[in-house]
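Visitor: Could you walk me through how the names and terms used for a protein model are justified by its values?
Guide: Gladly; let us look at it together.

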Amino acid sequence: MPASARQEFTRHHQTIEGTIAMKKCSRLDGNRTIHGHRLCLQCEQSMVATIRDIGNNYTALLLVATKQASVHMDNGPRAQAAEAPSPIRSGAWELCCEAEQQMRLVALAIGWRQGLEEKTTVPLICRKTLERIERLFLVADAAQWFDDLSDISERIQTMLEPPEPLVAFGACPACGGVVWGAANADYGDCAQCASRIHRCAVADRLLAKLSVSAVRGTASELSRACAKAGIRLPASTIRSWIRRGRLQPESDGSLQLSALVPLLQQRAKTGMK
């Protein structure tokens with residue numbers, strides 16, 4: 001065979017091998033795999049990070065589950081003295097058991113049988129899995145492993161760091177639905193029309209309603225009326241405004257709800273107390 005023909009044959013053979021070697025990621029993200037792997041490089045890197053997170057967070061989850069630690073939104077899990085007997089937090093404990101079962105199945109999938117022994121901890125299984133991670137990339141159901149492990153990791157993270165609770169800002173200017181958002185957020189989402197609304201727009205709508213209100217009452221009654229409208233105004237603040245001469249009660253001691261509007265607007269602009 002002439003040299004040029006041999007070179008052409010070699011290039012053609014290498015092209016065929018490369019086509020066979022590179023398959024689509026089994027998670028159907030459009031990326032290609034290499035060396036017979038079932039996942040693309042991005043998914044493999046994500047799986048490595050996921051298993052590492054499970055190993056790093058499992059001990060904290062176990063402490064929360066056995067009430068040897070409590071979860072604080074500002075600082076995460078915090079250790080506290082255990083009480084005897086120490087009841088468990090059922091949700092966290094069930095997640096611990098699920099994570100343990102999942103990682104022991106992973107150990108079986110990669111051929112590390114020590115991972116099935118009761119004395120072997122979840123963090124140790126995670127470390128040994130990372131040492132043998134390529135075996136997990138080669139199995140036919142690698143995409144299912146990816147999804148199952150990601151689900152476990154995300155639920156552990158949510159258990160240890162609960163999302164900030166939402167508060168109702170008030171009525172949506174567009175449809176009248178309730179706008180919800182984080183307590184310190186500038187924007188919230190309408191539960192009815194899904195519009196992204198600035199809390200000032202909600203406040204302006206609420207104040208417009210209050211300005212034409214004929215409601216009268218005591219400081220406590222007006223505080224409750226404001227709360228129903230989505231505005232937090234303690235009765236003590238209203239009494240303070242009366243003492244400072246910013247509000248003038250009627251002869252019977254009652255107050256006009258509409259009289260609060262200018263003071264609420266000033267508070268919003270200047271932070272007045």
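Visitor: What makes β4 and β5 a pair of strands?
Guide: Two strands pair if DSSP finds at least two bridges between them, and two bridges join β4 (residues 178-182) to β5, with the strands running antiparallel, so the definition is met. One of the bridges has V179 with C190 of β5 as its partner, and a hairpin of four residues joins β4 to β5. The model is predicted, and local features need pLDDT of at least 70, side-chain atom pairs count only at pLDDT 80 or more, while totals for chains, interfaces and linings use all residues. Residues are numbered from 1 along each chain as its sequence is written, and side-chain values use heavy atoms, with hydrogens and water left out.

Visitor: How do you know that β5 and β6 pair as well?
Guide: β5 (residues 187-190) and β6 are joined antiparallel over three bridges, and one of the partnerships is D189 with R196 in β6. Their hairpin has five residues between the strands, and A194 there takes a positive phi near 65°.

Visitor: Why are β3 and β6 called edge strands?
Guide: The open sheet has four strands in the order β3-β4-β5-β6, paired antiparallel, and β3 (166-171) and β6 (196-198) are its edges, as each pairs on one side only. Strands here are DSSP runs of E, at least two residues, and helices are runs of H or I, at least four residues, both numbered from the N terminus.

Visitor: How do you know that the length of α2 agrees with what is expected of a helix?
Guide: The expected span is 1.5 Å times one less than the number of residues, so the 25 residues of α2 should span 36 Å, and its end C-alpha atoms are 35 Å apart, which agrees. Even so, α2 bends by about 40° at N57, where the bend is the angle between axes fitted to the seven residues ending at a residue and the seven starting there.

Visitor: What makes the largest group of 34 residues a nonpolar core?
Guide: A nonpolar core is a set of buried Ala, Val, Leu, Ile, Met, Phe, Trp, Tyr and Cys residues joined through side-chain atoms within 4.5 Å, where buried means under 20% relative accessible area with a 1.4 Å probe, protein chains only. In this core of 34 residues, M47, M103 and L136 touch the most other members, and the largest share, nine residues, comes from α2. Apart from it lies another core, of 14 residues, among them L233 and W241.

Conventions:
Buried means under 20% relative accessible area, exposed over 50%, partly exposed in between (1.4 Å probe, protein chains only).
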